[in-house]
Amino acid sequence: MAIEGTPVDETELATQLCTHGLIRTIADRGNRRLEDNRSALIETLATILNATDAPPIDLHIEEALTELEGPRFFFVQHVLCDLIPLLNVDLDVLLVFITRLLDTGGNGLDTGALSIAFGEWATKDAARSSKVYEAARTGDNLALRQLCTVLQMNGDVDEGLIFAQAHQQEAKLAAISALGAMELGERYHEVSDALFQGASSDDAGVALRSLEAAYRAAAKRKVCAPASFDERLERIIQTHSSSAIHLAADLLWRYREGLTESAIDLCLYTVANVDPGNTGTISHIDHASYQLVRDGRAEQVIRLLAELLDRSEERITLDAFQSTYHALTNAGSDMLGNAIVYWLLNGGVYTRKCVANKVCSVGYDGPPFSIPKSSLPTGSSDQLFLCRKAVGWFFIDPLAAVAIPLAVLRDGCPDIASDVLSLIYDPLLLSYGGKLKDYLERYVEDGGANGSGITELLARRAAFNDAMEGIESLVELHPSEMQRETERVQWNEQMEKGMEQGERESIFGDLFTKQYILYGRSSLTPIHTGEGATRLTENEMKSFSISSELPLLNIVDPIGLDHLLIHLKLEPREQR
């Protein structure tokens, strides 16, 4: 890190600029961890480069950029962003320089800072901005790439409106984007009218950009855009093109304050048609859904996810909506329970499978959600259908599977209580006797509804256990040694393949070296204290474990259990 106040040798720096060029000079300072003061370095660079006999800023730029990799490029860029506004160079030279850097940075998150630095340079002198506008009008591609930034940073509404009427496509799009991002003040309605004309264009690109700018401008003022824009929005997004779907996702995420209720519904309907391959758009939908949940629109998001997951036919899963799922979880266990009830009742096979993969887990002493009375369907047939779906899809996690049947016993229709108890007993209690049994016992002790029925189920389960005692001694039920050996070989092969695949796909493989600890109870870490001294720190290793229980029915009657679960999962909902 730079030491404030360290002087910079101007003569040495000037020599280095003349021989190595600007990019290499800055990169070299980065390799030395900026021993010079950063501010002093930038000021000295500006002084040298602004002199009449200064070396060109693009000296050896091609060779220098090929040498820069990853973080080194962005370090150089950060220094240049501070330096560029201080330079007094010709527009053409700076445009070429900036463009070359942007092309090298590609889609990096920080490359936009270069355009901002150029905008700061241009706004320091009105003549510079005028030259950018003149170059853009002549079709200069390099100037057109920076037009939006210069217009926005100048807040130049008049020039923006002129360019928005231009015949040159790139200038028109740049100006429209700039107008949407400006602080418009009293000129909002004037700009809104111009953007409405663009939204009415037969050119899809202009219409999309104008709609985005209009809703963005409205969101900045914390008002809804005029309802007339909703008609244009419906016209453009009903095409379900990838650009239209991305626009709908962006509007929901970034500019929702500018959307009417009708526009929100339009966008939600549209984003459900996203192509599973458009991961960028899916990420934006996740961000938008997260915000919608936090804004009290969880029901709309829950319906959207069900439609989206089923349409994608498992090519999109809930793992793509980590932020949204996190928001539902943080909203309370009841909110997550509401979502799960809706997905089990109204979702298709793909939605239910995604929910089961997300909800079911091991190592917990209770279900990860709760079911409020308000989330249960009113009809007894729907309540029983919900219980059967929960048992079928969540069977591998008995605590999650039993949560919904217990909620129906507590708040549901009394006439289906015996059917619900039967589901809890077979297949759940017959398969699991560990945490499920303890959980049900606690349920009875806490005075849960229909406790006598649960107590009877527990007694039946105990009697079943007693009847099963000694069954392991029946030789006829034992697998042969050949079968045992075959199973061990298959298990070892699966484990080896799983470990190899995990190592290949792990993000940590390139960050850490592989180490093996054999029979160790502690580890020793050398710590260098300076002056050649080293001390060892010992860390005791602690044991941890997660237990899971294999379902007994999968051993006693695997075919019957498999048939039952398939029936519970796939049986259709009764038509009303």
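Buried, in these notes, means under 20% relative accessible area, exposed means over 50%, and partly exposed is in between (1.4 Å probe, protein chains only). I tried this on R187 to begin with: its relative accessible area is 26%, so R187 is partly exposed.

**Ground rules**

I'm working on a predicted model, where local features need pLDDT of at least 70, side-chain atom pairs count only at pLDDT 80 or more, and totals for chains, interfaces and linings use all residues. Residues are numbered from 1 along each chain as its sequence is written, and side-chain values use heavy atoms, with hydrogens and water left out.

**Confidence**

I looked up pLDDT, the predictor's confidence in each residue, from 0 to 100. The chain has a mean of 89, and 93% of its residues reach 70 or more. For the elements I used DSSP runs numbered from the N terminus: helices are H or I with at least four residues, strands are E with at least two. Confidence in the chain is highest in helix α22 (residues 380-393), with a mean of 97, and lowest in strand β1 (residues 522-530), with a mean of 73. Residues 1-5 have a pLDDT below 50, and beyond near neighbours in sequence this stretch has 11 contacts in the model. A contact here is a pair of heavy atoms within 4.5 Å.

**Salt bridges**

My criterion was a side-chain nitrogen of Lys or Arg within 4 Å of a carboxyl oxygen of Asp or Glu. That rule gives 21 salt bridges.

I pulled up D158 and R187, whose closest N and O atoms are 2.7 Å apart. This pair links distant parts of the chain, 29 residues apart: D158 is in helix α10 (residues 157-164), while R187 is in the loop between α11 (169-181) and α12 (188-199). D158 counts as partly exposed because its relative accessibility is 44%.

K353 and E314 form another salt bridge, with the closest N and O atoms 3.1 Å apart. K353 sits in helix α21 (residues 349-359) and E314 in the loop between α18 (298-312) and α19 (322-330), so this bridge ties together parts that are 39 residues apart in sequence. I get 33% relative accessibility for K353, so K353 is partly exposed. E314 is partly exposed as well, at 32%.

Then I checked K437 and E441, whose side chains meet in a salt bridge at 2.8 Å, N to O. They are 4 residues apart in helix α25 (residues 435-445), so about one helical turn separates them. K437 is partly exposed at 32% relative accessibility, and E441 is partly exposed at 30%. I also found that D158, R187 and E190 are joined into one network by salt bridges that share partners.

**Cysteines**

I searched the whole structure for disulfides (pairs of cysteine sulfur atoms within 2.5 Å), and the search came back with 0. C224 is in no disulfide, and the nearest cysteine sulfur, that of C267, is 12 Å away. For C413 the closest cysteine sulfur is in C387, and at 10 Å it is too far for a bond.

**Core and helix α14**

I took a nonpolar core as a set of buried Ala, Val, Leu, Ile, Met, Phe, Trp, Tyr and Cys residues joined through side-chain atoms within 4.5 Å. The largest such core has 174 residues, and L233 and F394 touch the most other members. Leaving aside neighbours within four places in sequence, F394 has contacts that include I340, L344, V355 and F369.

Where does L233 sit? It is one of the buried residues of helix α14 (residues 228-237), together with F229, D230, I236 and I237. Seen down the axis of α14, the buried residues fall within an arc of 130°, so they line one face of the helix; the arc is that of the directions from the helix axis to the C-beta atoms. These buried residues pack against α12, α13 (204-220), α15 (242-254) and α16 (261-271).

**V271 and N554**

V271 is found in helix α16. V271 counts as buried because its relative accessibility is 0%. Its contacts, neighbours within four places in sequence aside, are I245, A248, A249, L252, I285, L304 and L308. V271 and L304 are 33 residues apart in sequence and 8.4 Å apart in space, C-alpha to C-alpha.

My last lookup was N554, in helix α28 (residues 553-556). At 43% relative accessibility, N554 is partly exposed. N554 and A14 are 540 residues apart in sequence and 79 Å apart in space, C-alpha to C-alpha.
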